[in-house]
Amino acid sequence: MNFWHAAYRRLALAFPHEFKLAYGDEMLQTGEDAIDYLARRHGFAGLLRILLDLLLRLPAEYLSEVRGDLRYAIRTLLKSPGYAFVGILSIGLGIGLTTNLYTAAWTLLTRTLSGVTDPNRLVTAEASASFPWIERYRDQKDLFTGVAAVENDVQFNVALSGETAKPERTYGQLVSPDYFTVLGMTPQRGRLLNAGIDRTGGTPAVVISDRYWHSRFNADPAVIGQTIRLNGQTATIVGVTPRKFDGALNPSPAEIFVPTTVPATVAPELAGDVLHNPTAKDFQFLMRLAPGVSIDAAESALDGITRRLDKDDPFAPSQADKAKRVVLLGAGTRVQIPRDVRPKILGFYAAMMAVVVAIACLNLATMALARGAGRRRELAIRLGVGASRFRLIRQMVTEGLLLSLLGGAAGFALAWALESITDHTRLPAGSPLNPDRSIDWHTALFAFALAVVSGIGFSILPALHATKTDVAPALKEGAALQLSGHKRFGLRNLAIGAQVAGSLLLLLVTGFVVLGLMKSNSVQTYFNPKTMAFLFVDPVRDGYTPAQSQAFFERLPDRLRGTPSITTFALAVQPPYLPGDDDDFQLTVDDAHAATPVQKGTLKHTVGAGFFSVLNEPILAGREFDERDQRLDGDPAPAAGAVLPTMPLMLSQKAARALFGSGNAIGRHVHGDRRTWEIVGVVPDIRDASGMTQAIAYVPLTRHDFAQPPSGGIVIVARGHSAEDAIGGVRSAVASIDPNITLFNVQTLSEYLELIRASIRSALRTFGGIGLFGLILSAIGLAGVTGYAVAQRRKEIGIRMALGARKTQVLSLVLREGITLVAVGTVVGFLGAVALAKALTAITTVFSDAFSLGVGDPRLLIGAPVLLAGLALLACYIPARRATSIDPLQALRQD
Amino acid sequence: MTEQAQVQSFLPLKAQWFHILLSLAGEEQHGYGIMQEVLERTTGKVRLWPATLYGSLKRLIEADLIAESRSRPAPEFDDARRRYYRLTPLGRRVLDAECERLQDLVHAIQAKRAVGPAKRMTP
C-alpha cells in the first residue's frame, strides 16, 4: 500500500506550481483517503485507475498553463509593438538568410537523390575510368551489387516529333543500360533502361527526366513510344524517370538518358570504339556497395584492381608509386564531395549560419535584458505573491518563443522571396538549367527548428537575469531609479560587446568574399567587347558523318573570310574568358638531367588558328597556331602500340613560368595526355569572366575535333562592326554551306559576360546581404539599448542638469559607455575575422581564391571597422542627444 | 455576447462539470465533499477522480461558473486546507439551462418509446 501512496504523492507533486498552490494539499489528502478505500473496494484496478487519472491530467494542466502564458505573451507584445517589430525583424532577417544559405548550399550538399533506393550505399570514384575497366569492376560481385558507367553533361540535338522547329541543344547523360538498375529506380511512366532489353543493334531507346517531361511534353502520358530525332537519328522515348530525379553524379540536371548501346551516329561520344578502349577514360562509374561492405574496404580493393590494370598502360604512374589510385566518394547526393573535405565545407556553412543566428539572438537578448530591467517591479510583485521563478522564466521564454516563431514565419517568407529571385537568375548559356533546389518541408522544418532554438536561446539568459531580482528593494517606491549600481562588466554590456564583435566578424568575412568576387568581376579586352559574338556549331549532332563534318569545317574558314560583315574570326572548343578551375591536364617537363621532373596541372583549352589575334592579345614569345596546326590529325587514341606524334602547344604566362621558371620555353618539350608536346608560343594570362587567371595550356584544334566535335560543339568566335553584324555574317556563311546546320548558344560577348556576372551577383547578394544584416542588426541593438539606458537614467541626468551640468557633459557621459563597448567589440571582431579567414583559407581551397583577393584589401580592413564603429556611435549618439534635451524639472517630478 | 448566448456557449455541459455544479446547487461544498456527494447521488456509478475533480474545479473557476466561498463552517468541522466553492449566478443559470436541455431530451426519448414497442410487435 505504501507504494501506491508514494506513487500518488510523487505524481501529485509533479503538477504545475500554481495548480499545487491552489489544490495541491487537498488533492493529496483526497487521494490518500481514497486509496485505502479503493484498494478495499476495487483492488488493483481501482488503484491503477486513480494513478491513471493523475497521469492523464498532468499534461493537460501544463498545456493549459502554456495557453495562459501564450495569451499573456500576445498581450505583452501587443503592448510594446516597437519591441515586437524590431524583434520579428531581427529574427526574421536572421532566419531568412540562414534558411536561404541552407537551401542554397546545405541542401545541395546533403540532400539525397530523389527516387533512388538506399542512396547511401551508392559510391563513385573521384577519377574517371574507361569502359573496359568498369566492366572489370563489375565482376567484383563480392564488393558491388551493381556497377554502371555514366558520361555526364553530354549534349544532344533533340528535335521532337511533329515539330518543324530547329533541333534544340539538350543536356543528358550517356549511361550503361544497367544505370537505373544500380540506382534501384522504378519509372514514373513506361519503362527505364534495362541491360536485358537495350542491347546493341536494337532501336535506340531513351528515357527522359520528369522535369523534361513536364517542360517539353506538358506531362502528356502519350509520350511513351513517341519518336524523336536525336542528333539527327531516330530514337524512341520509352520511359520517364521518377519525380524530381534528373541524374546521378551530375551537379546540373540531365534531361535525357541515352544508353551506351546506341550506335556512334546517335552519340558521337561513342566513336573511336571507346567502349573497348582501355585508355579512353571518359566515364564515371556508379556503384552500389554489396551489403556489409564498407566504403573503405571497397576503396582499398578497387585500388588493388586498378593497380593491376595499370600495369598494361605505359602512361600510368609507375608501380612504385604508392599514391592511392582510387578514391571513392558517396554518390547518393547531387554534389559529390571528397569524404575528408565534406565536414570542412559543411562546417563553414554551419559556422556562417550559427554566427548569423547568434547575432540575431544577441540583439534580441540585449533588448530583452533592457526590458527585463524595466519589468523588475512587475516581476518582483509576481514573485512576491507566490509565482515560482521557474514560472516567470517560462513566461518570458514563451514570449521569446512567440516572437521568434513570428520571426521564423517572416524569415521563411524572406527565404522564399530570395529563392524565387535566385530561381529566376539565368545561368550562363552553355551550362544547363538551374538544378531544382526549391524550398520544401525540409526547409520549413529547418526554419522552424531554428526559430525554436533561437527563441529559447535569446530569452533564457535575460529571463534568468531578470528573475534574480531581490524582491524587497524592487518593491520600494522609486527604487527603479538606482543612481549607482552600474556594472561595468554586466551581462548586458558583455552581450553588446559580443554583438559588435560578431557583426564586424560577419561583415569582414563576407566582405572578403564579396570584394574578392567583385574584383574578379572584370574582364579586360583589347578590343571593343560590343563587336564580338560566339556561335556554336556541331554538324555531327545534326546527323553528319565524321567525314562530312570534317569537310564542313574545312570549307568554313574560307566562307567566313569571304563574308564582309566579319572582320576577324577563329574556331575553338572553349569560348574565351570562360571561367574554369579543372586543372587536370598534367604536363611534365622533358628534362633528362632533372632528378624529379617539373610537373604542373593546367587547364586545357583547345583553340584554332588565329585565336589570339581575334582577341588582340599580343604573343609574348614564339607564334600562335595557324592553319597548318588546324590540319593536324590529333587523334588521341590511334591503333594500339603506335606512338602518338608530337603536337604543338602554347602556354599562358602562368603555366610557362610554373614549368620553365624564367627560362625560355619555346622549343622545349613537355609530356601530357599520352603524347609529347613542343612549346611553340607563350601568351599573356587572360583574366576569365570570374576574374581569375589560370595556368592554361592551349592545344591546337585538329581534324580529329572536326570529325568528332566534343560534347559542347565547336565555337565560332567572330568580330564584326558590331556583334549583331558578326552573328548575321556567320549565319549566312554557315547557311551557304548547308542551311540545315544548327547554330546554338548564339550570344554576344556582352550577353555572355552579363550571364556569368549574374551568377556571381547572386552570390554577391547572398554574402553582401549577410554582412549588411549584421550591420543593421548591431545598429538596431545598440540604439535600442543606449536609448533604454538613457530612459532609465532620466532622473540622474535631470539632477545633474539641475546642478549645472552642461549639455556636452551629459552627452559625453552617455556616449562614454557606448564608445568603450564599440571599441572593445571592434578590436575583438577584427582579430576574429582575420583569424577565421586565415583558418578557412588554410583548410580548404574552396574559398581561398575569393579570400586571397579580398583579405589584403585596405578598403575592407579599414573601411569595415570604421563603418561599423561609425554606425554604432551614431546609434549611441541619437539617444544620447535626446538625453541632453531632458527637462530637469520634469525629470525630477517623475515618480 | 448576450446573456443567453453566453449561457448557451457552455452547453452541452461536460458530464463531470454537470455533476460538480449539481452538487453545489444546494449548498457550498469542498472538493472532497463534492466527490462524496456525486458518488452517493449516483450510487457509486460516477466517481470524480482527484485530478479530474480539481482540474475541473480550476476550469470552472476560470469560466466563472463557480467561485471560492468566503464563509467557512464552524471551526470544529473546518480544515484549514480545504477550500469551499459556491455557484456563481452565471453558474446557476448554466446549470438550469443544462437541466432544461436534459429534460427535453428525456421527453423526446419517452415520446419515442411510446411508439417504439408497438412497432416492434407488428411482424
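**Helix H22, model confidence and the A–B contact**

In helix H22 of chain A, which runs over residues 794-802, the buried residues are Lys795(A), Ile797(A), Gly798(A) and Met801(A). These residues sit on the same side of H22(A), because the arc they cover around the axis is only 160 degrees. The general rule behind this kind of pattern is simple: an α-helix has 3.6 residues a turn, so residues three or four places apart point the same way. Just past the helix, things change a bit: H22(A) is followed by Gly804(A), which has a positive phi, near 110 degrees.

How far can the details be trusted? The model is a predicted one, and chain A comes out with an average pLDDT of 80. A score of at least 70 is reached by 85% of its residues. Some stretches do worse, though. Residues 426-435 of chain A have a pLDDT below 50, yet this stretch makes 24 contacts in the model beyond near neighbours in sequence. The pLDDT is also below 50 over residues 478-485 of chain A, a stretch with eight such contacts. Where pLDDT is low, the predicted coordinates should not be read in detail.

Now for the place where the two chains meet. Chain A puts 17 residues into the contact and chain B puts in 13. On the chain B side, the elements giving two or more residues are helix H3 (31-41) and helix H4 (50-62). H4(B) supplies the largest share of that side, with six residues. As for chemistry, the side of chain B that touches chain A is a mix of six nonpolar, three polar and four charged residues.

Terms used:
Residues numbered from 1 in each chain as written. Chains lettered and ligands numbered in written order. Predicted model: local features only at pLDDT ≥ 70, side-chain atom pairs only at ≥ 80, totals over all residues. Buried ≥ 20, exposed ≤ 12 C-beta atoms within 10 Å, placed from the backbone. Helix = DSSP H or I, 4+ residues; strand = E, 2+ residues; numbered from the N terminus. Arc of directions from axis to C-beta. pLDDT = per-residue confidence, 0-100. Contact = placed C-beta atoms within 7 Å. Nonpolar A, V, L, I, M, F, W, Y, C, P; charged D, E, K, R; others polar.
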